[in-house]
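Could you walk me through this structure in the viewer, one selection at a time? I would like to know what to pick next and what is there.

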Amino acid sequence: MEAILEAKNIRKYFKTPKGMLHAVDDVSFSIPKGKTLGVVGESGCGKSTLGLLLLHLESLTGGQIFFEGRDITNPGKRRLKELRCSMQMIFQDPFSSLNPRMSVSEIISEPFRIYKICRSPAEMEKKVDQLMDLVGLAPRLRQAYPHELDGGRRQRVGIARALAMAPKFIVCDEPVSALDVSIQAQILNLMQDLQKEMGLTYIFITHDLSVVRHISDEICVMYLGKIVEQARAQELFRNPLHPYTQALLSAIPRPKVPPATERIILKGELASPIEPKPGCRFAPRCIHAQDRCFQENPERREIGQGRFACCHCI
Amino acid sequence: MRKGNGEKRKDGLWTDAAKRFRKNKLAMAGLVMLAILILCALFANYIAPFHYDEQNLPAAFESPSLRHLMGTDNLGRDIFSRIIYGTRTSLSIALVAVLVATLAGGLMGAVAAFYGGVLDNVIMRFLDVFLAIPSTLLAIAIAAVLGPGVTNTVLAITIGQLPGLARIVRATVLSIKGEEYIRAARSIGAGNMRIIGLHILPNAMAPIIVQATLYVASAILSISSLSFIGLGIQPPTPEWGSMLSAGRAYIRDYWFIVAFPGLAIMATIFAFNLIGDGLRDALDPRLKN
Amino acid sequence: MEKDTLLAVRGLTIQYETDSGVVHAVNGLDMELRHGETLGLVGETGAGKTTAALGIMRLLPEPPAKIQSGEILFKGEDVLKKSDAELRSMRGKKVAMIFQDPMTSLNPVLTVGEQIAEVIQLHERKSAAEAHVKAQEMLRLVGIPPERFSEYPHQFSGGMKQRVVIAIALACDPELLIADEPTTALDMTIQAQVLELMRSLRKELNTSMILITHDLGVVAEMCDRVAIVYAGEIVEQGTAHDVFNDTKHPYTMGLFGALPDLEGSEERLHPIPGLMPDPTHLPEGCRFSPRCPKRTDACVQTLPKNVETVPGHSVRCLLYEHGMQG
């Protein structure tokens with residue numbers, strides 16, 4: 001399968017008073033066209049920064065990004081504006097990602113005005129209507145303001161805005177985390193329908209493992225700026241290899257009574273991502289950690305077909 | 001609480017705010033007071049029974065009566081007429097000064113906040129120097145250097161208020177800049193100008209308007225203070241502060257010479273404060289839900 | 001009232017009076033909690049779970065909130081009839097509460113140790129030194145080294161702060177602990193740690209607990225009994241086993257159906273159609289009827305009563321009122 005987007009050893013360090021914060025450290029992956037890559041991890045693992053890097057909403061510290069086979073690491077101003085048509089983003093918080101002073105139709109039509117692609121107001125209106133219909137927003141909401149909408153509808157507005165320029169690739173940063181389960185299911189279904197209909201490729205960033213399993217074809221598990229394991233969604237859940245993935249999966253409270261008895265409870269908390277020590281970042285909390293894990297950085301290795309992990313013990 | 005899932009109403013946020021403002025009795029009272037003041041300023045020639053400079057020495061120090069509603073001063077001038085004309089001076093100077101201070105200070109604050117880094121530091125440290133001096137004191141110093149007069153009073157008050165307004169605008173813009181919808185605008189390819197004009201400014205307007213209104217009140221006080229100590233508006237131009245100052249020699253015997261100009265200052269400041277508070281309540285989205 | 005009942009809530013009705021109308025937050029809520037039991041209060045945003053819990057603590061801001069009717073019997077005494085002084089001695093001592101956000105529920109200018117000691121001194125006749133010792137004990141109990149007594153909240157991570165909050169709540173050995181979404185703000189692995197801690201402390205101290213959450217997984221792990229809340233009413237209540245494995249109410253079924261399954265490989269999710277009703281304009285009849293797939297004409301008109309299908313498992317749905325089966 002042809003990859004639509006490829007990241008090679010991308011890095012993002014932030015300067016802080018205490019030293020360099022390694023938000024994303026040497027991350028590589030590729031996404032085939034029309035598929036969904038899930039990125040899971042806990043807060044502070046760098047998953048959101050990763051999404052922003054791909055869209056050039058943060059600048060890279062190092063590494064390369066390829067989109068449809070072309071190097072877009074340093075796109076230049078004009079190429080960047082073109083890229084923003086084909087690469088879009090859906091944001092986490094439907095409450096703060098919409099300008100409170102703009103109406104629904106103004107928000108959705110803003111891309112048209114930026115790229116000046118509508119010849120008349122009537123044409124623009126027609127396009128807005130089509131988009132609203134596509135994401136399941138009633139036409140009577142055109143003039144509504146974001147504060148008048150509930151979370152699910154706001155997220156639909158955010159999706160419509162992202163779809164306005166008919167993108168090929170969308171970064172979805174926790175798009176359903178702020179929503180209740182029944183609304184969450186509506187939005188997830190919508191996103192899957194849109195993907196099929198328009199052949200979209202998604203990067204789906206979330207901390208929710210059941211959501212990521214549902215929507216993803218392939219999953220990357222991140223820990224402190226590194227991808228520790230990458231596998232097909234079902235493979236990962238059937239047979240997690242990395243000790244962190246194992247602990248993460250075992251930590252999900254499952255809606256089953258009686259609950260599972262066996263579970264791995266990790267010791268301690270996330271270490272600081274500022275000037276991290278050499279060795280495996282997960283070693284301090286790992287039950288299998290050996291001396292080697294504290295000294296040598298584990299390399300990304302291909303374990304099965306299309307399956308990668310960073311661990312000395314596998 | 002959500003209201004009716006937002007299907008019925010088609011009002012904009014400003015209309016909403018206007019509705020809330022109208023419900024606020026105190027704020028409306030302030031607005032009515034301001035309207036009266038503005039009418040006085042505009043139609044002073046018709047309202048005032050005498051010209052502000054019309055002297056009538058034999059009729060000096062007359063107590064309030066039907067002919068002279070607020071009495072006459074040491075030169076026999078009608079105090080009521082002078083206060084009406086004084087509205088013109090005080091309001092126009094205060095409004096112009098605050099408008100200029102808001103525009104200039106707003107621009108500096110917005111640029112500092114939006115571009116950040118060195119530019120932010122240079123602008124804000126420069127303004128900090130001014131902020132270290134109380135604004136009235138600063139205005140006095142400037143007026144003392146430039147000399148009295150209308151233009152110089154405007155200038156002195158503008159410079160005195162600019163740093164404070166710049167700080168408020170900077171803080172507002174900074175917090176809006178961190179909102180996710182700014183990043184969202186960037187992600188669909190919006191340029192800096194569009195982001196400032198369409199996304200940041202409309203959202204920054206509300207708190208800036210509120211602050212500017214409250215600054216008008218303090219500007220009026222500053223004008224009066226400057227005139228009181230003889231650095232602001234010069235006689236014979238009627239100005240409440242200079243009326244106070246001129247009358248203070250006779251305060252023991254003729255209370256009305258100072259009481260009415262003092263009341264005028266108080267009422268105007270009160271009106272602007274009421275309006276400012278009302279605007280804040282009407283525009284603050286946090287109180288909204 | 002049965003002997004081992006710790007808390008019984010009957011017909012609790014709470015409203016908020018706002019500019020845009022009366023918000024019917026809690027509408028005739030009935031529930032019961034036995035000694036040593038954990039009850040899960042499950043529902044979506046705006047269902048009224050937090051309002052109900054704050055009502056039990058009498059912590060609602062009144063006005064705008066108003067407890068219209070009902071009784072809250074804690075150990076046989078009606079909380080609604082207690083004086084302010086009695087309420088103060090009840091809160092923190094007999095009933096304690098844990099809030100969702102550990103970042104804002106601690107005072108940033110006091111050390112964590114001082115905050116634990118404060119509640120001890122407030123309710124127990126203890127000197128400052130004794131309270132200090134007890135506070136250190138509490139820290140150890142929740143898995144924080146007692147040496148961290150004099151550190152400030154900002155020096156703790158989210159999970160650690162929530163442990164401190166738990167320590168404060170349990171410091172006076174309360175009989176009832178109300179936990180409002182205690183792990184929602186935490187990461188998955190930290191949530192697992194905190195839940196584990198709460199489980200072991202509950203066993204050790206024999207505390208009864210009301211756990212408010214939207215996460216059915218957390219409920220399955222923690223609760224003996226479950227109450228499903230919709231539009232301010234409990235629509236289904238029973239043992240965790242009954243509610244999870246013999247689900248009766250269409251809303252509960254909808255909640256389970258909307259969850260992405262971790263084991264199965266369903267292509268599509270099954271969301272509940274529509275939205276939560278506007279609490280200022282609740283629908284006539286069954287509150288869930290506009291969204292219910294099993295709605296009949298009767299549902300739109302009649303407010304269903306509570307029906308016990310098997311002992312201890314009650315449902316508020318017309319499907320079960322006349323011995324019919326869904």
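Here is a short tour that goes from a whole chain to an interface and then to a single residue. Please keep in mind that this is a predicted model.

**Stop 1: chain A**

Select chain A and colour it by secondary structure: you will find 10 helices and 12 strands. Its radius of gyration is 21 Å, close to the 20 Å that the globule rule gives for 314 residues, so chain A is as compact as a globular protein of that length. If you align the view to the principal axes, the C-alpha trace of chain A spans about 70 × 50 × 45 Å. Switch to a surface next, and bear in mind that 59% of the 314 residues of chain A count as buried. A contact map is worth a look too: among the contacts in chain A with a separation of 6 or more, 63% come from residues 24 or more positions apart.

**Stop 2: where chain A meets chain B**

Now add chain B to the selection. Here 34 residues of chain A are in contact with 29 residues of chain B. The area buried between the two chains A and B is about 2900 Å², and carbon and sulfur atoms give 54% of that area. To see where chain A contributes, show A:Arg101, A:His147 and A:Glu148 as sticks; these lose the most area to chain B, together 25% of what that side buries.

Which charged pair should you zoom in on? Try B:Arg194 and A:Glu110, which form a salt bridge with the closest N and O atoms 3.0 Å apart. The count between chain A and chain B is two salt bridges, and there are also 11 residue pairs in polar contact between them, both partners being at pLDDT 80 or more.

Next, highlight helix 2 (76-86), strand 6 (87-90), helix 3 (104-115) and helix 5 (151-163) of chain A, each of which supplies at least two residues of the side that touches chain B. Helix 3 of chain A gives the most to that side, with five residues. Coloured by class, the side of chain A that touches chain B shows 15 nonpolar, seven polar and 12 charged residues.

**Stop 3: C:Asn27**

Finally, move to chain C and select C:Asn27, found in strand 2 (residues 21-34). Is this residue buried or exposed? C:Asn27 is buried, because its relative accessible area is 11%, under the 20% cut-off. Show its surroundings: not counting residues up to four places away in sequence, C:Asn27 touches C:Leu12, C:Thr13, C:Ala231, C:Gly232, C:Glu233, C:Leu282 and C:Arg287. For a last distance label, a polar atom of the C:Asn27 side chain lies 3.0 Å from the backbone oxygen of C:Ala231.

Definitions and conventions
Residues numbered from 1 in each chain as written. Chains lettered and ligands numbered in written order. Heavy atoms only, no water. Helix = DSSP H or I, 4+ residues; strand = E, 2+ residues; numbered from the N terminus. Buried < 20%, exposed > 50% of the residue type's maximum accessible area, 1.4 Å probe, protein only. Polar contact = N/O pair within 3.5 Å; in protein donor to acceptor, adjacent residues only side chain to side chain. Contact = heavy atoms within 4.5 Å. Buried area = accessible area lost by both parts, 1.4 Å probe. Salt bridge = Lys/Arg side-chain N within 4 Å of Asp/Glu carboxyl O. Nonpolar A, V, L, I, M, F, W, Y, C, P; charged D, E, K, R; others polar. Rg over C-alpha atoms; globule rule 2.2 N^0.38 Å.
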